[in-house]
Amino acid sequence: MVMESIPHRQLSSEVAVDVGRGVRFRYRSIRSARARAILTIQHEISRVFRKVLDSEGFLEVLAPIIGPVTDPGIRGAGTIEVPFYGETYVLMTSMILYKQMTVASFPRVYSFSPNLRLEASASSTTGRHLVEFYQLDLEVAHGTCEDVMTLGDTLMFEVIRTVRQKCKEQLATLGRTLHLPPRTLPQLTFSEAIELLLNDGFTLDPAEEIPWEAECHLSNQFSTPFWITNYPATSRGFYYLRDADHPELVRSMDLVLPEGYGELSSGGEREYTNKGVLQRMHETGEEPQKYGWYLDMLEEGIPPSAGFGIGLERLTRYVAGVPHIWECSPFPKVPGVS
Ligand code: ASN
């Protein structure tokens, strides 16, 4: 497939302008100085994640690839079904339900989790959608949004500090100037973000997620990563906990990259009681009968928890200053490109 345009961040001429060709001939481009610089930076990012989380007492668990159920809260993307000994299993869109299982045993866990989401072909031009990608997923038993946001602040600071220090050569190859963020990242509420966007002329439904273009516009107003908090319950998956003081909201947040790079991470506090989840499933239109083991597990009891997932290729794209995310995967799968 030939890319027509990249609306938010123009592809520069030395980058493969034709993403379809780039993907097809990856076995050539992976040998370039450019690809080597990007993938070396990615390695450094993973190393920092492991170092910080290990020092904070986290345990790394191996992520699932396939299972009877997965995360349905994926902004309209499709799931991939696989026949499995007479059953239909799905490839993981995120390991959220499985993270809730692990925190019942280990209070702090993380994984480098492979995810597959059949995004609309049109999202190939956003520059930030891959069909196959990895999340650094973490979960903290008895944690709050504030706890995990503090952790997110530290991860971002340490990643950028380390890459600036250790990957000077790679950043020079890519022509990337990377600024060190503050140790505590700025925060704005979802309603503040909506107000800002309405003032700038966007037409938005305040009950829904912020659309890609509007989020990109918002991202362009910032020079450092920032959090958006207090999402409306109608915009998020059933596993986010309703805010006890503001029942129209959930305890959920996004981490958004600056300079137009957009959303990096989603997370929050979890619904963890059978009753609470069934209520949220009812509201979000989920079929409880699909979630056999998950609902049984909640019935027996798990701790409350909070966590998030950081898109590894998206973070690499920002840190390396890459226009299209396909270059941030060694084996890229771009929506609509086969
Ligand atoms: N990983 C996210 C979380 O922990 C969920 C997602 O990717 N949709 O909340």
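Here is a short tour of the ligand site, followed by a stop at one strand residue. Keep in mind as you click around that this is a predicted model.

**Stop 1: the ligand.** Select the ligand and look at where it is: it sits in the largest pocket.

**Stop 2: the shell.** Now pick out the residues around the ligand; there are 14 of them, and D71, K99, Q135, Y240 and R270 come nearest. What mix of residues makes up the shell? Try colouring by residue type: you'll find three nonpolar, six polar and five charged.

**Stop 3: the strands behind the shell.** Switch to a cartoon view and highlight β6 (132–141), β10 (262–269) and β11 (305–311). Each of these strands supplies at least two residues of the shell around the ligand.

**Stop 4: polar partners.** Zoom in on three side chains in turn. Start with D71, which has a side-chain N or O atom 2.9 Å from a nitrogen atom of the ligand. Move on to Q135, where a side-chain N or O atom is 3.0 Å from an oxygen atom of the ligand. Then select R270: one of its polar side-chain atoms lies 2.8 Å from a ligand oxygen atom. Turn on a surface here, and you can see how the protein covers 95% of the 270 Å² of accessible area that the ligand has on its own.

**Stop 5: S113.** Last, go to strand β5 (residues 108–116) and select S113. Is S113 buried or exposed? It counts as buried, because its relative accessibility is 0%. Add L315 to the selection and draw a line from C-alpha to C-alpha: the two residues are 202 residues apart in sequence and 15 Å apart in space.

How values were computed: Residues numbered from 1 in each chain as written. Predicted model: local features only at pLDDT ≥ 70, side-chain atom pairs only at ≥ 80, totals over all residues. Heavy atoms only, no water. Near = heavy atom within 4 Å. Polar contact = N/O pair within 3.5 Å; in protein donor to acceptor, adjacent residues only side chain to side chain. Areas by Shrake-Rupley, 256 points an atom, 1.4 Å probe, with all protein chains shown as cover. 1 Å grid on protein atoms, 1.4 Å probe; cavity = no way out; pocket = protein on both sides within 12 Å on 5 of 7 lines; lining within 4 Å. Sits in = over half its atoms within 2 Å of the grid points. Helix = DSSP H or I, 4+ residues; strand = E, 2+ residues; numbered from the N terminus. Nonpolar A, V, L, I, M, F, W, Y, C, P; charged D, E, K, R; others polar. Buried < 20%, exposed > 50% of the residue type's maximum accessible area, 1.4 Å probe, protein only.
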